[in-house]
Amino acid sequence: MTDHTRISDLPKLVGQTATLRGWVMTTRSSGKIGFIMLRDGSGYLQAVISRGEVIDEIWERFEQLTQETSVAISGEVRADRRSPGGVELGVRDLEILGKSEDFPITPKEHGTTFLFQHRHLWLRSRRQVAIMKVRHELVQAIRDFFYQRDFILVDTPILTGSIGESAGTLFETQYFDLGKAYLAQTGQLYLEAAAAALGRVYCFGPTFRAEKSKTRRHLTEFWMVEPEVAWFDSEDNMKLQEEFVSYIVGRCLDRRREELKELERDTAPLERVVPPFHRISYTDALERLRALGAEVPWGKDLGGDEETLLANSFDRPVFVYNYPKEAKAFYMKENPADPRTVLNNDCLAPEGYGEIIGGSQREDDYDRLLCRIREENLPEEAYGWYLDLRKYGTFVHSGFGLGIERTVAWICGIPHVREAIAFPRQMHRLFP
Ligand code: NSS
């Protein structure tokens, strides 16, 4: 199976003969000349077949081609400025490898429900391929960013005994004789332990939240990257976030222009994503929201609509910092300047995308942390190991989590996170 060339390699082979394997997107024919639009995952190619230049059998095969038939095509690689990639293929030989009858997804419009029921086939469409390639770039950029800065990757467990964020959105399972296990909502608590061993660490994996909401920002299974840094306070944490977000967005702009064009993404707002990001305290944010006509009582977390409204008044991402304690998770450090609040921040993306990052300095005081665990009615016995980190050489430390699907949706300019992952998991969706 190595006897063929990928479409993306063709520009190097102008004037030579090549064999390609792929799937037929569309065909058209004038009776004398036929065109095949072929895709193979690496790119798109127009193959041209002339009735006078091939034997009848080959032309007959061409006439049998339907959408998504898999084929092997050989021919001469010709430069053609108007074609995708600047080349086309003059067909000499054509072999049908797999027939495709009545492919359900046709070039006409389909409803979202239908498309998601056929997600396994819908993935082959140009838009979906472009989104997956942007996601791939984003993930690679994330790994490169942390690698270059000497962060150590630590893989944290998916089956966990302690609740990571809040009791409200847990997936539970019975774990042998040991009681309940939960699917990880975050790797953070484990990562804090690893930060005491390695200084700068990150984890990157799937996380789970039994979100009963059907919003365009929520999945029940999503991917999150979470760095954790020893001797970093909340300020340092925000600086790292703005450098990080600017880098990963920049990488997609640099290396996935084609895909962003395919998605008709206006890249101007993405070009503006450079440090410093805007910063506004939670309390000031409420003021601003009030002026914009949205009343939020002090103490309540910001909802998606409020985030959109707020972020719309900034030309690049904005940090909202120092939220009320009661609106946020138990592990965040109390703000010494105003103990009603914590040393945390959310990072809101512009253009209506809202929160892509939640981060904070962690409570490093044993007694205060224990107090918070009790206030939140979390099972104390499950947090003995986590409290140990405050018992044996406690340390100032901070970290954050960036949601991959929300970030992909923002960079691609697509309205909903469900298109930002190959097989989305939502409350009402488990297949395919
Ligand atoms: O709940 S977070 O705000 N924060 C944490 O989980 C911390 N433990 C991270 C840390 O400090 N190490 O989630 C972080 C991000 C959030 O900003 C979103 O971008 C994303 O994770 N997120 C989600 N994406 C999709 N669907 C759902 N349900 C979801 N929940 C959070």
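For this tour, Ala, Val, Leu, Ile, Met, Phe, Trp, Tyr, Cys and Pro count as nonpolar, Asp, Glu, Lys and Arg as charged, and the others, Gly among them, as polar. The model on your screen is predicted, so local features need pLDDT of at least 70 and side-chain atom pairs count only at pLDDT 80 or more, while totals for chains, interfaces and linings use all residues. Residues are numbered from 1 along each chain as its sequence is written, and side-chain values use heavy atoms, with hydrogens and water left out.

**The whole chain**

Start with everything in cartoon view. You will find 13 helices and 16 strands; these are DSSP runs numbered from the N terminus, with helices being H or I of at least four residues and strands E of at least two. Along the principal axes, the C-alpha atoms fill a box of roughly 85 × 55 × 40 Å. Of the 432 residues, 53% count as buried, meaning under 20% relative accessible area with a 1.4 Å probe and protein chains only (exposed is over 50%, partly exposed in between).

**Stop 1: strand β3 and its partners**

Select residues 44-50, strand β3, where 7 of the 7 residues are buried. Show the side chains: Tyr44, Gln46, Val48 and Ser50 point one way, and Leu45, Ala47 and Ile49 point the other way. In a regular strand the side chains alternate between the two faces of the sheet.

Now add β2, residues 33-39, which pairs with β3 in the antiparallel sense over 7 bridges; strands pair if DSSP finds at least two bridges between them. Arg39 has Tyr44 as its bridge partner in β3. The two strands make a hairpin with 4 residues between them, and Gly41 in the turn has a positive phi of about 95°. Next add β5, residues 87-98, which pairs with β3 in the parallel sense over 3 bridges. Look for Ala47 opposite Leu89 in β5.

**Stop 2: the sheet of 8 strands**

Colour the strands of the open, mixed sheet in the order β6-β10-β11-β16-β15-β14-β13-β12. The edges are β6 (152-153) and β12 (278-281); each has a single partner strand, so one side of each lacks a neighbour in the sheet. Further in, β11 and β16 run antiparallel and are joined by 5 bridges. Zoom to Met224 to find its bridge partner in β16, Gly403.

Then select the helix α10, whose buried residues are Glu306, Glu307, Thr308, Leu310 and Ala311. These residues pack against α9 (282-291), β13 (318-321), β14 (344-349) and β15.

**Stop 3: Thr341**

Thr341 sits in the loop between β13 and β14. Is Thr341 buried or exposed? Its relative accessibility is 2%, so Thr341 counts as buried. Leaving aside residues up to four places away in sequence, Thr341 touches Trp298, Asn322, Tyr323, Pro324, Lys325, Lys333, Glu334 and Asn335, where a contact means heavy atoms within 4.5 Å.

**Stop 4: the pockets**

Pockets and cavities are found on a 1 Å grid over the protein atoms alone: a cavity is a set of points where a 1.4 Å probe fits but cannot get out, and a pocket is an open set with protein on both sides within 12 Å along at least five of seven lines; lining residues have an atom within 4 Å of a point. Grid points are joined across faces, edges and corners, and a volume is the space filled by probe spheres set on the points.

The largest pocket holds about 1,100 Å³. Among its 47 lining residues, select Arg209, Asp301, Lys328, Glu355 and Arg406, which lie nearest the centre. Which element gives the most to this lining? That is β15, with 6 residues. The lining of this largest pocket has 17 nonpolar, 14 polar and 16 charged residues.

The second largest pocket holds about 710 Å³. Of its 26 lining residues, Ile105, Thr106, Pro107, Trp122 and Ser125 are closest to the centre. Helix α4 supplies the largest share of this second lining, 3 residues.

**Last stop: a cavity**

There are 3 cavities of 30 Å³ or more, and the largest has about 60 Å³ of space. Select Arg216, Arg217, Tyr353, Arg406, Ala409, Pro415 and Val417 to see the lining of the largest cavity. By class, that lining has 4 nonpolar, no polar and 3 charged residues.
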